[in-house]
Amino acid sequence: MKKSSALREVLFAAAIMLATAVLTLSPVNAQERRQDRAQDRAGNFDFYVLSLSWSPTFCATAKGGRNDQQCGIDKRFRFVVHGLWPQYEKGYPDFCRTSEPERVPRTVGEKMFDIMPSMGLVGHQWRKHGSCSGLDQETYFDKVRQAYERVEIPADLTHGDRPLSLSAEEIEQKFLSANPGMSHRGIAASCEGRQLEEIRICLTKDLAFRDCAEVDRRGCTISQITLPPAR
């Protein structure tokens with residue numbers, strides 16, 4: 001009986017230690033530890049990723065269906081800016097400390113609605129990614145627009161009047177053909193199931209095309225990706 005009691009005490013202590021470890025590794029605390037890392041400082045990064053989201057894929061989701069700003073019955077967005085993300089060669093910083101406010105004023109956000117069609121998207125992208133750019137809010141969103149205008153979107157991908165089915169390589173090749181200087185190693189198509197989620201394009205801090213091995217490796221490789229039509 002004494003051995004059984006001792007075993008229960010050992011197991012109870014182990015359970016307490018495990019629970020403590022789980023709490024320590026909670027997302028909030030993990031994020032706090034990330035913020036304490038020396039490298040996660042605003043302005044300290046290697047390059048940008050411009051993420052262009054295929055809006056009809058997002059609007060077909062439950063979350064998109066609740067977003068009238070982007071997915072209302074009178075909206076017909078195609079490629080929109082998901083974000084302009086500071087990156088390391090491996091990994092990326094996020095939620096950096098900055099003297100800028102967390103909230104993006106509507107006067108700043110509404111200027112982006114033609115390419116980032118909701119305040120929720122604008123605000124989240126600033127807090128998670130823009131805060132790490134080292135730029136103030138207005139300058140960062142000016143940079144987002146410059147990056148968007150830097151990329152020529154292939155005309156035959158933007159009609160949105162009927163579904164298209166292409167391989168990831170074919171989609172990427174269309175962007176390469178439309179953008180001299182872009183390489184296969186600097187672009188990646190991302191999937192949501194078998195539908196196109198977004199195109200990620202790597203840019204220098206001066207918005208020149210560049211290669212990015214980690215981003216390229218994480219691209220979708222399935223043989224057929226569907227671009228659902230705009231509703």
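Which hand does the disulfide of C191 and C220 have, left or right? The torsion about its S-S bond is about -100°, so this disulfide is left-handed.

This is a predicted model, where local features need pLDDT of at least 70, side-chain atom pairs count only at pLDDT 80 or more, and totals for chains, interfaces and linings use all residues. Residues are numbered from 1 along each chain as its sequence is written, and side-chain values use heavy atoms, with hydrogens and water left out.

**View A. The C191 and C220 link.** Here the S to S distance is 2.0 Å; a disulfide is a pair of cysteine sulfur atoms within 2.5 Å. C191 sits in strand β4 (residues 187-192) and C220 in the loop between α10 and β6 (225-227), 29 residues apart. Strands (E, at least two residues) and helices (H or I, at least four) are DSSP runs, numbered from the N terminus.

**View B. The C96 and C132 link, with F95.** The sulfur atoms of C96 and C132 lie 2.1 Å apart, and 100° about the S-S bond makes this link right-handed. Both cysteines are buried, whereas F95 counts as partly exposed at 24% relative accessibility. Buried means under 20% relative accessible area, exposed over 50%, and partly exposed in between (1.4 Å probe, protein chains only). F95 also has a positive phi, near 50°.

**View C. The C202 and C212 link, with L207.** C202 pairs with C212, S to S 1.8 Å, and the link is right-handed at 85°. L207, in the loop between β5 (195-203) and α10 (213-217), is buried at 7% relative accessibility and has a positive phi of about 70°.
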